[in-house]
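Hi,

Here's the structure I promised to pass along. Have a look at it first, and then read on for what turned up.

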Amino acid sequence: MKVTFVTPRYATEVVGGAEYAARMLAERLVSQLGWTVEAYTSCALDMDTWANYFDQATQDVNGVAVSRFSATQTRDAKFLHTSLRVHARPALATRALQEEWIDQQGPLVPELLDALTSSDSDVFVFYPYLYYPTVRGLPLVAKRSVLHPAAHDEAAIRMSIFGEVFGTASGLVFQTDAERRLSESLFPISHHPQLLLGLGVDPQPGDEAGFREIAGLGDRPYLVCLGRVDAGKGTTLLARYFAEYKKRRPGPLALALVGAIKDQLGGHDDIVLTGLVSDEHKWGALRGAEILISPSPFEAFSLALVEGWSAHKPVIVNASCIATREHVERSRGGLWFDSYTSFESALDKVLGDSKLAMQLATHGQSYVDERFRWPALIDRYGKFLTRVAERSQMKVAT
């Protein structure tokens with residue numbers, strides 16, 4: 001079986017989001033099932049500009065043959081202007097405006113499209129729905145295509161052009177029921193072959209002492225948030241809520257934001273920004289934390305929650321995010337907030353009741369053990385891709 005993943009970026013340097021998820025799946029199809037797997041992607045590393053960073057070439061990345069194609073333009077100020085026009089009334093945006101937005105959204109890699117049409121892969125996996133390689137590429141190999149939308153409730157998904165993308169795919173893979181319900185509410189795809197998958201996790205012991213040292217936390221208790229420090233990811237809101245919490249609840253409690261720093265936050269003695277850290281220190285951060293906080297309103301899955309529960313920690317999530325709230329409600333492994341008042345209440349409950357914290361953590365860990373361990377997950381995924389490939393061959397034969 002030969003599978004080609006198509007993503008905007010593909011690199012070990014990309015440590016979160018849909019592209020990281022695609023790499024995890026691709027590598028395990030090789031290591032666990034012995035399949036031939038390749039990836040088509042851009043030469044970019046920075047998704048804000050799509051500037052070419054890697055050479056246009058093919059290289060082996062952990063068993064996956066990664067072919068990179070140069071972007072023919074970088075994203076500029078025009079994209080913001082076009083986005084404002086589109087997002088104001090996405091369902092009513094003209095076809096021409098949507099096409100313009102897709103090209104400016106990027107990464108604009110026309111040679112990648114040429115490579116798709118000449119490939120002999122059995123299945124093409126597109127991940128996520130939002131970008132040029134998926135919108136332009138998936139229709140070219142529609143009969144052999146599987147779409148991982150990684151969708152959440154945002155303005156862009158209501159553009160009619162995405163209805164064509166979802167509707168053209170021969171298979172759809174969702175990470176949560178919430179994502180599937182959202183997609184089915186927007187597009188007539190209920191008859192399409194579908195798989196509810198999620199992602200797996202490989203828990204590690206971690207180095208708590210090493211993390212505390214690099215973060216300057218000493219022996220203080222702390223909350224941890226994993227992921228990009230970015231207003232769009234909810235970290236600005238979290239910092240504001242935490243600062244208010246510390247005014248009302250003085251003490252040694254700190255907040256550690258662990259991830260790439262896109263947006264700087266106002267200085268606060270109890271908020272630590274570490275930037276990117278090693279896996280060993282990331283797992284150390286989780287092992288030593290009191291609670292994992294997920295403030296993002298826009299997640300299609302949230303690997304951070306799965307990792308937090310694997311480290312046997314309770315979690316608190318933003319109720320606006322349908323995916324993370326679904327995880328919490330189904331697992332009974334955490335609480336959610338939809339205002340400062342409920343944020344304060346959730347923290348008080350978990351920090352003030354060690355028995356409750358232990359129960360939440362145990363429920364969450366059991367939820368992960370049942371659903372998100374790699375061997376069983378990859379076995380299910382491989383069977384689904386095989387069925388899509390077999391159906392495409394039957395269509396060709398008829």
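A quick definition before the rest: a residue counts as exposed when its relative accessible area is over 50%, and as buried when that figure is under 20%. Also keep in mind that this is a predicted model.

That cut-off matters for two non-glycine residues with positive phi. Arg-332, in the loop between α12 and β14, has a phi of about 60 degrees. Its relative accessibility is 52%, so Arg-332 counts as exposed. Ser-302 sits in the loop between β12 and α11 (303–310), with a phi of about 85 degrees. Ser-302 has a relative accessible area of 6%, so this one is buried.

Now for the sheet. Six strands pair in parallel to make an open sheet, in the order β11-β10-β9-β12-β13-β14. At the edges you'll find β11 (271–275) and β14 (334–337), each pairing on one side only. On average, neighbouring strands are turned by 25 degrees against each other, ignoring direction. Strand β10 (residues 254–258) is joined to β11 by four bridges, and Leu-257 stands opposite Leu-273 in β11.

Two helices go with this sheet. Helix α12 (residues 322–331) packs on it, touching β12 (291–294), β13 (315–318) and β14, and makes about 145 degrees with the direction of β13. Helix α13 (residues 340–352) lies across β9 (222–226), β12, β13 and β14, at about 160 degrees to β14.

Lastly, some cis peptide bonds: Gly-106 to Pro-107, with omega near -10 degrees, and Tyr-127 to Pro-128, with omega near 0 degrees. Pro-107 is in the loop between α3 (95–105) and α4 (110–118), while Pro-128 is in the one between β5 (123–126) and α5 (132–137).

Cheers

Notes: Residues are numbered from 1 along each chain as its sequence is written. This is a predicted model: local features need pLDDT of at least 70, side-chain atom pairs count only at pLDDT 80 or more; totals for chains, interfaces and linings use all residues. Side-chain values use heavy atoms; hydrogens and water are left out. Two strands pair if DSSP finds at least two bridges between them. Axes are lines fitted to C-alpha atoms, for helices over the stretch in contact, and angles run from 0 to 180 degrees between N-to-C directions. Contact means heavy atoms within 4.5 Å. Buried means under 20% relative accessible area, exposed over 50%, partly exposed in between (1.4 Å probe, protein chains only).
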